[in-house]
Amino acid sequence: MIDANGAGAPPIAAGASYFAEEQARRVAITTSLIEARGMIFAWGMSRQAGAEDVRHEFRAAAIDPHRRLYAQETPALSMSKSIDLAAEPYEFTLRPEHCALLIIDMQRDFLEPGGFGEMLGNDVSQLRRTIEPNRRLLEAWRAAGLPALHTREGHRPDLSDLPPAKKVRGRSATTIGDAGPMGRILVRGEAGHDIIPELYPAPGEPVIDKPGKGAFHATDLHSILQHRDVKQLVVTGVTTEVCVNTTVREANDRGYDCLVLEDCVGSYFPEFHAMGLKMIKAQGGIFGWVSHSDALIKALAAIP
């Protein structure tokens, strides 16, 4: 309480001292906060390099839930870089961030001695020559962090998706669904229907079970590719003139650019293999491009 004569008011000198001390205290607190923030920032910067790889992996896992969290990731800048490959009828511009590898029907019944293909009198060595090139390509493709998909031709155990015309075609004594060397022929779940061990799908790599020759017919392949923003396909597998050609034509009609690797596709009949490749690259690439796996593997190795 201050009276009319000023009694009770603090002396002027004392008030000045009080405000000076208060200002000094606030400056000290502010300085301490700045120093503390600086220390935290410096600590964070020192941790940034080590944490960057972990952040990359979490981002990759968020984009692709099938991806193992700490798998090697290709940096975004490298993925967005286009790669020109030697091909026919002219060079193919590969865009890794929009490309997938599609391996067609590398199944035991078609490629292994004693399987259905050999039982029909075919020379399976014509197809088996494609195994090693495909193995090397798949290894490089996975190392680059690019998506791979696999297909298998076959039918439901009750054969409800098997057209009668396909069942009887060829007038063979043994047909689809009958007992064969590796279980029921071209029936899902049987040993012969499965993919060969050398190219077996890794966890997270989609397997498309198709009832026909083309990989798009009666499957969800197109939907899977759209969800992954795939616009280009590198196509390999067997056989060149049947399932590979049919799939490439289906893909072409759906707007995909297809690159077929001549050493990674094969036929029981060499002349059909050669003609199948000619049809793909004819007339300026009417269905797609043809190249060799060596060129693609070399290009993939250049991705950091």
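The following exchange examines how terms are assigned in this predicted model.

Me: Why is Cys 258 called buried?
Reply: The cut-off for buried is under 20% relative accessible area. Cys 258 has a relative accessible area of 1%, and therefore it counts as buried.

Me: What makes Cys 264 count as buried?
Reply: Its relative accessibility is 0%, so Cys 264 falls under the 20% limit.

Me: How do you know that Cys 258 is in no disulfide?
Reply: A disulfide requires two cysteine sulfur atoms within 2.5 Å. The nearest cysteine sulfur to that of Cys 258 belongs to Cys 99 and is 9.3 Å away; the pair therefore fails the criterion. The structure as a whole holds zero disulfides.

Me: Why are β3 and β4 called paired strands?
Reply: Pairing requires at least two bridges between the strands. Strand β3 (residues 99–104) and strand β4 (residues 148–153) share four bridges, so the requirement is met. Their pairing is parallel, and Ile 104 stands opposite Thr 151 in β4.

Me: What makes β7 and β10 the edge strands of the sheet?
Reply: The open sheet has six strands in the order β7-β4-β3-β8-β9-β10, with parallel pairing. Strands β7 (207–210) and β10 (289–291) each pair on one side only, and this places them at the edges. From one strand to the next, the twist averages 25 degrees.

Me: Which helices pack on this sheet, and which strands do they touch?
Reply: Helix α9 (residues 240–253) touches β3, β4, β7, β8 and β9, and its direction makes about 165 degrees with that of β8. Helix α11 (residues 293–301) touches β8, β9 and β10, and its direction makes about 120 degrees with that of β9.

Me: What makes a set of residues a nonpolar core, and which residues have the most contacts inside the largest one?
Reply: Members must be buried nonpolar residues joined through side-chain atoms within 4.5 Å. The largest such core has 41 residues, and those with the most contacts inside it are Trp 141, Val 234, Leu 296 and Leu 300. Helix α6 (131–143) is among the elements that supply at least two residues; α6 gives the most, with five residues.

Me: Which residues does Trp 141 touch?
Reply: Leaving aside residues up to four places away in sequence, Trp 141 touches Cys 99, Ala 100, Leu 101, Leu 146, Pro 147, Ala 148, Val 234, Leu 296 and Leu 300.

Me: Which residues belong to the other core, apart from the largest?
Reply: That core has 25 residues, among them Ile 208, Ile 224, Ala 251 and Tyr 256.

Key: Residues are numbered from 1 along each chain as its sequence is written. This is a predicted model: local features need pLDDT of at least 70, side-chain atom pairs count only at pLDDT 80 or more; totals for chains, interfaces and linings use all residues. Side-chain values use heavy atoms; hydrogens and water are left out. Axes are lines fitted to C-alpha atoms, for helices over the stretch in contact, and angles run from 0 to 180 degrees between N-to-C directions. Contact means heavy atoms within 4.5 Å. Buried means under 20% relative accessible area, exposed over 50%, partly exposed in between (1.4 Å probe, protein chains only).
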